[in-house]
Amino acid sequence: MFARRRKHFGTPADKATYATLHTASLASPHLREGLTPAAAGKASRHLRDLLGTAAIAICDSSGVLAWDGVGGPYESNHRRDAKDLAATTLRSGRTAVLGAHDVACGDPQCPIRTAVVAPIVTEERVVAVLVAYSNNTSAALVRATEEVARWVSGQVELAELNKERTRAMEAELRALRAQISPHFIYNALAAIASFVRTDPERARELLLEFADFSRYALRRGGEFTTLADELRNVERYLVLEQARFGDRLKVSLQIAPEVLPVVIPFLVVQPLVENAVRHGLEGTTGVGNITIRARDQINEAEISVEDDGAGSDPEVIRAALSGESGSDSVGLGNVDARLRQVYGDTYGLVVETAVDAGTKVTFRIPKYSSGVHASP
Amino acid sequence: MSPAISLTAIGLVVVATIGIGLFGLRISRTTSDFYVASRAVSPRWNASAISGEYLSAASFLGVAGLVLVNGADMLWFSVGYTVGYLMLLVLVAAPLRRSGAYTLPDFAETRFESPVVRRICAGLVVGIGTLYLLPQLHGAGLAVQTVTGAPPQVGAMIVAVIVVINVAAGGMRSITFVQAFQYWLKLTALATPIFVILLVWHQPVGVLDSLHGAAAEWAEPLSRAGGRDHPLYATYSLLLALCFGTMGLPHVLVRFYTNPDGRAARRTTVVVLALLGLFYLFPPMYAVLGRTFAPDLVGTGGDTVVLELPGRVFPGTAGDLLGALVAAGAFAAFLSTSSGLTVAIAGVIDQDLLRSRLHRWTGGDYVAVNSFRIAALIAMIVPYLAFTVTGALSLADTVGLAFALAASTFCPLLVLGIWWRRMSTTGAAAGLVVGGIAASAAALVNVSGAPQGGWPRALVGQPAAWTMPLAFLTVIVVSKLTPDRIPAGTARSMVRLHTPEAVDVDRGPAPLTNRSTSAARPARHA
């Protein structure tokens, strides 16, 4: 059985190809980390397997990044010279074949007599060279060294792209800082203003609530808080909204106490509640009911905000979540994007809505997620 | 004992458990008062819940049986079960809460930054949980057998099915108030018969007489009553396992997460100590009374003494009623501990072993809830099969092995991980593997038939005294040998673990760099 399966691997030439591809695949994850000494060191072993030479070195303008092959005094001798050998190619970008009088160290036992130096090029720039040391140079070795260097160039370019992508993502994250909506600030201040003459004491209390709310929402420190703190802030928000809507705004809470210590990105519940207030109350004259639920789901907490207002067309919500419409539900899109950034794509917002059927927004938070800690 | 009354009582407990499980979520409190809604679970409630979940079949039935058969040495069981929380309080409670970990694998990951250590921990949680579920099923089998005469598989099956349905349907979860109620139910069920017996029956002198003379050896510490060799070694080993094993039990840590901060975690532990101390007063009383009223049970292993004693003292309706109360309490013990364990094990199976695979197999087309349900089924089927294969070990003995395994694996991980800065990732993994293999080898030998007599039996029967130091030594030696594998974030972790929440310190790097790794995750799938 085993022998028969072996046959499927094909001719010796096929097998050689597979072996080469496999060796290359072993080297590539290290090269994808970029040309650091650690990564180059790990990759160089596999690269030498590919070339089958006595030793190889990877050098950049600062010196030898990695050496693999013969050790002992031979290594230290040649390692010292490697920078000089690499200099020409680093400048010109052309492959150099160096003979014994450039390379050999004088020790007759030394397996290193010649070297092929091939450039590693990314974005038109020579970033390093691959030096293949051997006993004597053949045309095949020159060709092989050039090909391997070209392949390494490709991998290093991918590493650059990866870094680029991470930078882009961090910039996006910075742009995705939690936001409070300008509408709310305007409306809250207007509502407070209306109490200044009729009920100065209440106006003062509301202003203090507003101050506390802003301190929480505009804080600089960490990005995370506990559900308990977030709910406390939702309460401040609702006190301010109640000043505006009075008895028309009814809120009920169903919170499992077990999930209060769960760490969540801050300002993720408040925008959902704000959204519910806007959809549930604005534009009508009746009473709006808002329900905030937090349930314990073993490894996760499930949080939902529901209103019984006008609801909306699912297509509009879909557009808002994918960031297409900048108008109505900008809060939803922001919360959704931040949740996905932190916990991965399976943890976005789930919105259930239809015209005249209210809206329910649900999301889940894992109780533990590596690297996520609340800051006071 | 009249089966009808007892069965009714057991049935009531079962119905109540399922009912609360299925409908409890719907009647969960609704309020429009933020102050009420965002109030954390108080240490007192949380402590009742921890005690309710912790007091298992081994505590309810096993301890009394062991004392009845093997004499005064076995009192250490009740001491050890309680003192475990003292160790938890002194060594790990507050730092563990501050770590933000929900499960033991979470702690391993946050402290050692290694998926390998995390996976080993996940495997151990499943192992310890299974070893701990085994005696719960065994106890349920015994209880049903004592009441009705049905074979032990019946009772075990009943508990297994109820727990799986309940957990999979989303009931019982971690509802703190349900588990807290269970503690008081168990305490009432165990204490009431004792008080009735002591009040109604006016010859306490007779009991003390029975402890002299022929039975003097029974009441004498380290007397080899019950035919155990090397009682001194066995006692110390047992104490080590119980004291240091509690912190590694999977269902205990999960509940500490409910505490809002490290200080609350400590206060909770203190209350737990008091509640457990109160509870463990009663099992030895059953044993002493059983020595007088049911001496024949000594030959049968004694695990049924709690269930049978009321009927022996009061033949007739009074005895039946008290017996039914005890049987109901015992069933509550099996159900609550099994549910807690199953939830904890299933959570780990789901998170660490099942979900990513399910995601791959179904191409992302699955519902998270289903993954958990499958995990719950697996978490119960394995111990049930193990129960049908293995014979009847004494209840508290199997639990002792689960504690020994926890003490030889998670105890070094937690204690050194929290208090020793130079612990390396390799050291952590090596300690878990060595301690785990040593303790589970002992457990396997025990379950499949312990060697007879002498040191081998003592060493295998109570392995903690050698497996736990072995694990500690492994961690220390390997960590010293691999100083380059000390996690890079050790200093940061230590600050987080040991600084009270109220103190404003830098708890780590800016969140942005923190999250860049996880932020890269979705993009890779896309």
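Trainee: Which residues of α20(B) and α22(B) meet?

Mentor: In this predicted model, the α20(B) side of the contact includes B:Thr426, B:Gly427, B:Ala428, B:Ala430 and B:Gly431. Further along α20(B), B:Val434, B:Gly435, B:Ala438, B:Ala439 and B:Ala442 also take part. From α22(B), the residues they meet are B:Thr467, B:Leu470, B:Ala471, B:Thr474, B:Val475, B:Val478 and B:Ser479.

Trainee: At what angle do α20 and α22 of chain B pack, and how is that angle to be read?

Mentor: Helix α20 (residues 425-447) and helix α22 (residues 464-481) of chain B pack at about 160°, and their axes are 8 Å apart. Angles over 145 degrees count as roughly antiparallel, so α20(B) is roughly antiparallel to α22(B). The crossing of α20(B) and α22(B) is right-handed.

Trainee: What is the secondary structure of chain B as a whole?

Mentor: Chain B has 24 helices and zero strands. Of its 526 residues, 55% are buried. Among contacts in chain B with a separation of 6 or more, 81% are between residues 24 or more positions apart.

Trainee: Let us turn to chain A. How is chain A divided into domains?

Mentor: Domain 1 of chain A covers 2-174 and domain 2 covers 221-366. The centres of the two domains, taken over C-alpha atoms, are separated by 54 Å.

Trainee: What is the strand order in the open sheet of five strands in chain A?

Mentor: A strand order is read across the sheet, from one edge to the other. Here the order is β2-β1-β5-β4-β3 (chain A), and the pairing is antiparallel. The edge strands are β2 (63-69) and β3 (96-98) of chain A, each of which pairs on one side only. Neighbouring strands of this sheet are turned by 20° against each other on average, direction ignored.

Within the sheet, β4 (residues 114-122) and β5 (residues 125-134) of chain A pair in the antiparallel sense over nine bridges. One bridge can be traced by name: A:Ala115 has A:Tyr133 in β5(A) as its partner.

Trainee: Which strands of this sheet does helix α3 of chain A touch?

Mentor: Helix α3 (residues 37-51) of chain A packs on the sheet and touches β1 (55-60), β2 and β5 of chain A; its direction makes about 40° with that of β2(A). Helix α4 (residues 72-92) of chain A lies across β1, β2, β3, β4 and β5 of chain A, and runs at about 135° to β5(A).

Trainee: With which strands does β12(A) pair?

Mentor: Strand β10 (residues 300-307) of chain A pairs with β12(A) in the antiparallel sense over eight bridges. Strand β11 (residues 350-353) of chain A also pairs with β12(A) in the antiparallel sense, over four bridges. A:Lys360 in β12(A) is the bridge partner of A:Glu306 and also of A:Glu352. Strands β11(A) and β12(A) form a hairpin with five residues between them, and A:Asp356 in the turn has a positive phi of about 65°. Six of the eight residues of β12(A) (residues 359-366) are buried.

Trainee: Is A:Glu306 buried or exposed?

Mentor: Burial is judged here by counting surrounding C-beta atoms. A residue counts as buried if 20 or more others lie within 10 Å; A:Glu306 has 21 and is therefore buried. A:Glu306 lies in strand β10 of chain A. Leaving aside neighbours within four places in sequence, A:Glu306 is in contact with A:Thr291, A:Gly358 and A:Lys360. The C-alpha atoms of A:Glu306 and A:Thr198, which are 108 residues apart along the chain, are separated by 33 Å.

Conventions:
Residues are numbered from 1 along each chain as its sequence is written. Chains are lettered from A and ligands numbered from 1 in the order in which they are written. This is a predicted model: local features need pLDDT of at least 70, side-chain atom pairs count only at pLDDT 80 or more; totals for chains, interfaces and linings use all residues. A residue is buried if 20 or more other C-beta atoms lie within 10 Å of its own, exposed if 12 or fewer, and partly exposed in between; C-beta atoms are placed from the backbone. Helices (H or I, at least four residues) and strands (E, at least two) are DSSP runs, numbered from the N terminus. Two strands pair if DSSP finds at least two bridges between them. Domain bounds come from an automatic or database domain assignment. Two residues are in contact if their C-beta atoms, placed from the backbone, lie within 7 Å. Axes are lines fitted to C-alpha atoms, for helices over the stretch in contact, and angles run from 0 to 180 degrees between N-to-C directions. Angles under 35 degrees count as roughly parallel, over 145 as roughly antiparallel, 65 to 115 as roughly perpendicular and the rest as oblique. A crossing is left-handed if the near helix is turned anticlockwise from the far one by less than a right angle, and right-handed if clockwise.
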